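Me: I should like to learn how to read the interfaces of a structure that is new to me. Please take me through them step by step.

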2 protein chains.
Amino acid sequence: MATIKDIASAAGVSLATVSRVINNGPKVGDATRERVKKIMDEMGYRPNANARALVTQRNPAIGVVIAELHDPFFASLAHGIETLCRTRNIQILMSAGSTSPETEMRAIETLMEHRCEAMVVHSKFLDDDTLVHFANQVPGFVLINRYIEAIGNRCVWLDNQAGGKLMAEHILHHGHEDIAVISSRYQILDPVQRLDGIKLALSEAGKSLPDSHIEFATPDQEGGEAAVQNLLSRGVKFSAILAYNDAMAAGALSMLLDHNIAVPDKVSLIGYDDVLLAKYCRPKLTTLRYPIEMMATHAAKLALDCAKGEFPEPGTTFKYTPTIVKRDSVSRVK
Amino acid sequence: MATIKDIASAAGVSLATVSRVINNGPKVGDATRERVKKIMDEMGYRPNANARALVTQRNPAIGVVIAELHDPFFASLAHGIETLCRTRNIQILMSAGSTSPETEMRAIETLMEHRCEAMVVHSKFLDDDTLVHFANQVPGFVLINRYIEAIGNRCVWLDNQAGGKLMAEHILHHGHEDIAVISSRYQILDPVQRLDGIKLALSEAGKSLPDSHIEFATPDQEGGEAAVQNLLSRGVKFSAILAYNDAMAAGALSMLLDHNIAVPDKVSLIGYDDVLLAKYCRPKLTTLRYPIEMMATHAAKLALDCAKGEFPEPGTTFKYTPTIVKRDSVSRVK
DNA sequence: TTGTAAGCGTTATCAC
DNA sequence: GTGATAACGCTTACAA
């Protein structure tokens, strides 16, 4: 593959001149510029990005750490970043993600080895200290979907608790008294916060949530099915279900319909996330909008800015609040 | 950030020795090895991937070109690659993809600039010659979802026509006579081939497909809705719909239900791709399984092999054939 | 406007 | 076993 040197000698100029042409450098004669360009074309020259990154000490690509691309939620996240990068013509270096603290660690380290200045990281398993440690080494290190106070101005996150509160309030407004919750069995922060929000709303309304009305399962369709199955076989009485996410809600929906329990006539149901499938379900799911794509775009922009040294004021916070999307799975209690 | 040089002087050894330690090189004393390792740890040393790629003239990362990550189909594709890379601890360099020939071109070029030896490319817009040209420069260049004879042993693709034939045959078996087709308005190869397959099956059964029974729309839910809308308002009579993909099928389903046309009682419906949402629809979609994830894993493996110089024999072909997934959206005509 | 030359962090080829 | 040293392809002062 042709190098800058080959071009230089073919064009009868020096390396420096060619380099200037490549980078649209200022001081180079029009004639020379054209000639060099022509020769680069003819020889199919392509600058070596690695050499460039080495000498400039900077890698213009943005690094991304996420798990499970086939999960629609992460796909949206990735897409949000991609959207921004496309407009700015920036590469994405994706480090397949997070199934354990070790893999997450490995993923971030790889990005650092490539000297990525900007990184958007979705980490569920690493602890705050480790993350802060990385952030201290890389100015453009941005966390998505998680808030750590020490680097609060480089976190883009969702107020999970507010969402939980919102869904409970919505269901209370519709006159429901007997509320069941199906949550995620993975005790990472999100489910805990969502559940807290629900409990908060309930207690503000002078009610409480008995443990018997909470089921924990895997946060997917199967989990939703299993959770409802359990609720039913334990004979729990409920007129509404608050699900941890849309996938669980969809599973719950299947199971309810299979038992001839009409939704929303007999039981109301609320999801969380507003992924595509919420719209495809029948009835369409009432759910909470988690603007992950927008948040991801925001995070990418933030990472790029920080990498350039433009930090938001300390104390600035990028908290997003979910909103309720009213569709067809909730009705007033009869 | 600490370099190999810093480590060397801190440990009182030469660059060469440190390099040997990093790469588990053979000839280095145990004591030295441990000492150097310890110092690397203390100083938080990370090898510079760019320098490495430069001097070794190889980039161990695999390059990926795809469009639209939030499309579940591409998400599965990406996931298939990711799965393989995770086990082999290989980085993914993702070049956001294909919205036009120019962006596709740009995406591939970027990967080449990083000197990726292995690449998995999903290209809809570039012509055969261009792609072959790239393939000739990069041994590890593999095409997914497309077949070009000249580089046939580096293509992993689906027999779209066979799928089209299959879906038509399935619907004929169920006694349907009045068949409508909703296809993609983008005249890339896939929809044409799928449609060809359908026509083939029909003509083998002594039937034909009038143009009035075909609708072209965008290959998403909205497109599916619009297509059915059009069919209905044009008064076309049909007892079955063959959709270009699951998203269109889901849109069609919505629209049919909104018009109180029961599926599958009044109208049967078949999708294509078997993405997640086919399972979430009510009724669950009968569709064609497009094993894209498996194919993607295969393509990644192939790319890595080719990059190492291990080519499959010329003439070898990696054609996948879709299979029918029978769910609940098709019934025998009454 | 153009050229020279130093150096980015590694690996690899020699010597010792 | 270990150490000099020359690349790798490029950018960027500094000279001319």
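The dialogue below treats the domains, the two chains and the DNA strands in turn.

Me: What should I know about the model and its numbering before I begin?

Reply: This is a predicted model, in which local features need pLDDT of at least 70, side-chain atom pairs count only at pLDDT 80 or more, and totals for chains, interfaces and linings use all residues. Residues are numbered from 1 along each chain as its sequence is written, chains are lettered from A and ligands numbered from 1 in the order in which they are written, and side-chain values use heavy atoms, with hydrogens and water left out.

Me: Which domains does the assignment give for chain A?

Reply: Domain bounds come from an automatic or database domain assignment. For chain A, domain 1 covers 4-140 + 294-319, and domain 2 covers 160-290. The C-alpha centres of these two domains of chain A lie 41 Å apart. Their contact (heavy atoms within 4.5 Å) takes 4 residues from domain 1 of chain A and 4 residues from domain 2 of chain A.

Me: How is the area between domain 1 and domain 2 of chain A to be read, and which residues supply it?

Reply: The size of an interface is often given as the accessible area lost when the parts come together. Buried area here is the accessible area (1.4 Å probe) that two parts lose on being put together, summed over both. Between domain 1 and domain 2 of chain A, about 400 Å² is buried, with 87% given by carbon and sulfur atoms. On the side of domain 1 of chain A, F73(A), K124(A) and M295(A) supply 76% of the area buried against domain 2 of chain A, more than any other three residues.

Me: How many salt bridges and polar contacts cross between these domains of chain A?

Reply: A salt bridge is a side-chain nitrogen of Lys or Arg within 4 Å of a carboxyl oxygen of Asp or Glu. A polar contact is a pair of N or O atoms within 3.5 Å; within protein, one must be able to donate a hydrogen and the other to accept it, and residues adjacent in sequence count only if both atoms are side-chain atoms. Across the interface of domain 1 and domain 2 of chain A, the rule finds 0 salt bridges, and the count of residue pairs in polar contact (both at pLDDT 80 or more) is also 0.

Me: How does the interface of chain A and chain B read by these terms?

Reply: Here 46 residues of chain A are in contact with 47 residues of chain B. The two chains bury about 4,900 Å² between them, 54% of it on carbon and sulfur atoms. There are 3 salt bridges between chain A and chain B. R282(A) forms a salt bridge with D258(B), with the closest N and O atoms 3.7 Å apart. The rule also finds 17 residue pairs in polar contact across this interface (both at pLDDT 80 or more).

Me: Which element gives the most to the side of chain A that touches chain B?

Reply: Helices (H or I, at least four residues) and strands (E, at least two) are DSSP runs, numbered from the N terminus. Elements of chain A that each supply at least two residues of this side include α5 (72-88), β2 (92-96) and α11 (246-258). Among the elements, α5(A) gives the most, with 6 residues.

Me: Which residues are closest to DNA strand C, and which parts of the strand do they meet?

Reply: A residue is near a strand if one of its heavy atoms lies within 4 Å of it. DNA strand C is surrounded by 26 residues, the closest being R20(A), G29(A), T32(A), I4(B) and Y45(B). Of the atoms of DNA strand C within 4 Å of the protein, 62% belong to sugar or phosphate and the rest to bases. A backbone N or O atom of G29(A) lies 2.5 Å from a phosphate oxygen of the strand, while for R52(B) an N or O atom in the side chain is 2.8 Å from a phosphate oxygen. The most residues of the surface near DNA strand C come from α4(B), which gives 4.

Me: What surrounds DNA strand D?

Reply: Around DNA strand D there are 26 residues, and the closest are I4(A), Y45(A), T17(B), R20(B) and G29(B). Sugar and phosphate account for 62% of the atoms of DNA strand D that come within 4 Å of the protein. A polar side-chain atom of T17(B) lies 2.7 Å from a phosphate oxygen of DNA strand D, whereas a polar backbone atom of V55(B) is 3.5 Å from a base oxygen of that strand. The element that gives the most to the surface near DNA strand D is α4(A), with 4 residues.
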